[in-house]
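Thanks for coming. I have one structure to go through today, and I will keep to what can be computed from the atoms. Please have the sequence and the coordinates open.

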Amino acid sequence: MLKSVFGKIGVLIIAIIAVGICAVGYQVESHRQYQQRVVYAKSSVSQENKRLNSLEKQVNSFYQNSKEKQFINQNVKAMDVTKVKAEVDGVKVTATDFNIKRESLPLNISKLTNKKKRINKDLDDVSAKLKLQEKINQLFTEDIDNWQKLDSSMVITEKLSTEQIGDITDELEFFPNGNWKDLAQDYVKLASNQVNLVDTIQRKIKKYKKQIITYDQYLDLITQSKQVSNEKIRNSFKKDFDKFAERVGADSEIETNSEIDNNTEASDNDETDSEIDTVEY
């Protein structure tokens with residue numbers, strides 16, 4: 001009986017010793033692996049710095065002027081930015097990246113951290129501008145070719161709404177002031193002026209269908225319609241204009257090849273409420 005008890009105790013002691021040896025061995029191995037990661041972090045600084053320098057050059061190439069960093073090169077696509085972004089994110093600069101404690105990081109890695117942040121900031125800028133440029137493109141029948149200088153000949157789409165323009169205007173408020181923002185706002189204003197002009201003409205048409213229209217009011221309506229850049233929209237007025245022409249005894253032929261001034265802003269100053277015409281055509 002006594003021999004059996006001593007045997008069990010011996011087995012237990014051996015098991016405890018074995019567990020202790022394993023625990024010590026695990027700690028030693030864990031410490032060795034940690035030191036390897038620390039050494040790897042120190043040796044990686046130079047290589048990661050080269051990677052960031054190369055990626056920074058790519059990001060700078062997205063801009064038409066890498067010093068001003070305002071306008072984006074016309075050939076840059078969203079997928080180009082996404083690809084570079086993924087590579088930048090893969091550059092290791094933090095304790096988490098290397099799976100070590102912060103105090104074990106190389107002293108000179110802080111420069112890499114700041115450089116990575118700077119590159120990511122530029123990438124965010126390029127990405128945001130590309131997205132908004134695409135939305136502004138959708139205001140017009142063709143994409144904008146020149147993102148350095150306003151092209152006032154751009155033609156708005158037929159179903160462009162003030163809500164669509166308002167959403168873009170709101171987004172632009174979050175961008176810092178600069179030449180790119182100024183140009184973007186100019187294009188939005190160009191589209192806004194056209195939408196307001198079309199809306200003014202349509203309201204006048206609705207009004208004159210029920211009210212007396214004078215010869216001068218008819219001519220003013222014709223003049224305003226000639227400033228609408230979209231030909232299909234201009235032609236949509238013709239049926240009503242022909243009937244107005246009959247009422248005022250004017251030539252119903254409307255010129256459609258007049259020079260368009262897209263910066264024309266709609267004005268109702270010339271309108272006065274006139275006597276109601278009881279006959280609607």
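One term before the numbers: a residue is called buried when its relative accessible area is under 20%, exposed when that value is over 50%, and partly exposed in between. Keep in mind as well that this is a predicted model. With that cut-off, 35% of the 281 residues in the protein are buried.

On to the overall make-up. The protein has nine helices and zero strands. Reading from the N terminus, the order is therefore easy to remember: α-α-α-α-α-α-α-α-α. As for the contacts with a separation of 6 or more, 74% of them join residues that are 24 or more positions apart. The accessible surface comes to about 17700 Å². Carbon and sulfur atoms account for 51% of that surface.

Next, charge. Which residues form a negative surface patch? They are E134, E142, D143 and D145. Take E134 as the example: this residue sits in helix α4, which covers residues 110–137. Its relative accessibility is 40%, so E134 counts as partly exposed.

Now the salt bridges. In general, side chains of opposite charge can pair when their charged atoms come close. How many salt bridges does the structure hold? The count is eleven. I will go through three of them.

The first on my list is between the side chains of E158 and K232, with an N to O distance of 3.8 Å. What does this pair tie together? E158 lies in the loop between α4 and α5, and K232 lies in helix α8, residues 231–236, so the bridge links parts that are 74 residues apart in sequence. For reference, α5 itself is residues 162–172. The two partners fall into separate accessibility classes by the cut-offs I gave: E158 has a relative accessibility of 47% and counts as partly exposed, while K232 has a relative accessible area of 57% and is exposed.

The next pair is R203 with D199, where the closest N and O atoms are 3.1 Å apart. Both residues are in helix α6, residues 179–208. They are four residues apart, which is about one turn of the helix. R203 has 42% relative accessibility and counts as partly exposed. D199, at 36%, also counts as partly exposed.

The last of the three is D242 with K238, whose side chains meet at 3.1 Å, N to O. Where do these two sit? Both are in helix α9, residues 238–248, and because they are four residues apart, about one helical turn separates them. K238 has a relative accessible area of 35%, which makes this lysine partly exposed.

Staying in helix α9, there are two more residues to look at. K243 is found there, with a relative accessible area of 31%, so K243 is partly exposed. In sequence, K243 and K209 are 34 residues apart; in space, their C-alpha atoms are 9.2 Å apart. R247 also belongs to helix α9. This arginine is partly exposed, with a relative accessible area of 31%. R247 is 32 residues from Y215 in sequence, and the C-alpha to C-alpha distance is 8.8 Å.

Over to helix α5, where E171 is found. Which residues does E171 touch, leaving aside those up to four places away in sequence? The answer is L132 and K135. For E171 and L132, the separation is 39 residues in sequence and 8.0 Å between C-alpha atoms. E171 has a relative accessible area of 29%, so this glutamate is partly exposed.

One backbone item remains. K69 has a phi near 50°, which is a positive value in a residue other than glycine. Where is K69? This lysine is in the loop between α1, residues 2–60, and α2, residues 78–89. K69 has a relative accessible area of 21%, and the cut-off for buried is under 20%, so K69 counts as partly exposed.

To recap: the model is predicted, it has nine helices and zero strands, and it holds eleven salt bridges. Of the pairs I showed, E158 with K232 ties together parts that are 74 residues apart in sequence, whereas R203 with D199 stays within helix α6 and D242 with K238 within helix α9. That is everything I have.

Definitions and conventions. Residues numbered from 1 in each chain as written. Predicted model: local features only at pLDDT ≥ 70, side-chain atom pairs only at ≥ 80, totals over all residues. Heavy atoms only, no water. Buried < 20%, exposed > 50% of the residue type's maximum accessible area, 1.4 Å probe, protein only. Contact = heavy atoms within 4.5 Å. Areas by Shrake-Rupley, 256 points an atom, 1.4 Å probe, with all protein chains shown as cover. Patch = residues over 30% accessible without salt bridge, like charges linked within 9 Å, V, L, I, M, F, W, Y side chains within 5 Å. Salt bridge = Lys/Arg side-chain N within 4 Å of Asp/Glu carboxyl O. Lys, Arg positive; Asp, Glu negative; His and termini not counted. Charge placed at Lys NZ, Arg CZ, Asp CG, Glu CD.
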